[in-house]
Amino acid sequence: MDVRNCRGCGRLFNYLSGPSLCPNCIKDLDDKFQQVKAYIYDHKNASIQEVADDNEVSVQQLRQWVREEKLEFSEASLVGLSCEACGVMIRSGRFCKSCKDRLANSLGNMYQKPQETIKKDNRASGKGKMRFLDN
């Protein structure tokens, strides 16, 4: 059993997986997320700093939610994130569409059946026998 201190409140809790937050702090964070989501719906043109200030959430937390694809910057927004692979500006997530497609294709190719490169020699008549080369 893994016991840790919560990053949010400092209490001890049984850690299973994910962020080092106790169940109470995770619930509070989920409630904040729902509050931010409702605020963004009502205030479509609000900047990221305004959203953070009005909802008592850090800009870093908002960017994390965008990276996790829970939130997304609007089309008209001047703010964005950069793709971790190529650096192009994106609205949500970690990678742009072309980098996602390239990663998916490369992962898909890993599981393809390898093609046989060695062909069997039909001239070999006996298995396990010694063969000599003529000069």
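A residue is taken as partly exposed when its relative accessible area lies between the 20% under which residues are buried and the 50% over which they are exposed. The views below are drawn from a predicted model.

**View 1. E69 in the loop between α3 and β3.** With a relative accessible area of 46%, E69 is partly exposed. This glutamate belongs to the loop that runs between helix α3 and strand β3, the strand at residues 81-82. Its phi angle is near 65°, which is a positive value in a residue other than glycine. Most residues other than glycine have a negative phi.

**View 2. E56 in the loop between α2 and α3.** A second positive phi is found at E56, where the angle is near 55° and the residue is again other than glycine. E56 sits in the loop that joins α2 to α3. Because its relative accessible area is 68%, over the 50% cut-off, E56 counts as exposed.

**View 3. The whole protein chain and its confidence.** The protein chain has 135 residues, of which 22% count as buried, and it contains four helices and four strands. Followed along the sequence, these elements come in the pattern β-β-α-α-α-β-β-α. Among contacts between residues at least 6 apart in sequence, 16% join residues that are at least 24 apart. The mean pLDDT of the chain is 84, with 83% of its residues at 70 or more. Among the elements, helix α1 (residues 23-42) has the highest mean pLDDT, 94, whereas helix α4 (residues 97-110) has the lowest, 85. Where pLDDT is low, the predicted coordinates should not be read in detail.

**View 4. The crossing of α1 and α3.** Two packed helices are described by the angle between their axes and the distance between the axes. Here the axes of α1 and α3 (residues 59-67) come within 12 Å and cross at roughly 85°. This angle falls in the range of 65 to 115 degrees, and the two helices are therefore roughly perpendicular to each other. From α1, the residues L29, K32, F33 and V36 meet Q61, L62 and W65 of α3. The residues of this contact divide into five nonpolar, one polar and one charged.

**View 5. The nonpolar cores.** In soluble globular proteins, nonpolar side chains tend to be buried together. The largest nonpolar core of this model has 17 residues, and those with the most contacts inside it are V36, L62, W65 and L71. Helices α1, α2 (48-55) and α3 each supply at least two residues of this core. A second, separate core consists of six residues, among them C6, Y15, C22 and C25.

**View 6. The surroundings of L62.** When residues up to four places away in sequence are not counted, L62 touches V36, I48, V51, A52, V57 and L71. Two of the residues named here, V36 and L71, are, like L62, listed among those with the most contacts inside the largest nonpolar core.

**View 7. A52 beside L62.** A52 is a residue of helix α2. Its relative accessibility is 4%, under the 20% cut-off, and A52 therefore counts as buried. Apart from neighbours within four places in sequence, A52 is in contact with V57, S58, V59 and L62. A52 and L62 are ten residues apart along the chain, and their C-alpha atoms are separated by 7.4 Å.

Methods: Residues numbered from 1 in each chain as written. Predicted model: local features only at pLDDT ≥ 70, side-chain atom pairs only at ≥ 80, totals over all residues. Heavy atoms only, no water. pLDDT = per-residue confidence, 0-100. Axes fitted to C-alpha atoms, helices over the stretch in contact; angles between N-to-C directions. Parallel < 35°, antiparallel > 145°, perpendicular 65-115°, else oblique. Contact = heavy atoms within 4.5 Å. Nonpolar A, V, L, I, M, F, W, Y, C, P; charged D, E, K, R; others polar. Core = buried A, V, L, I, M, F, W, Y, C linked by side-chain atoms within 4.5 Å. Buried < 20%, exposed > 50% of the residue type's maximum accessible area, 1.4 Å probe, protein only.
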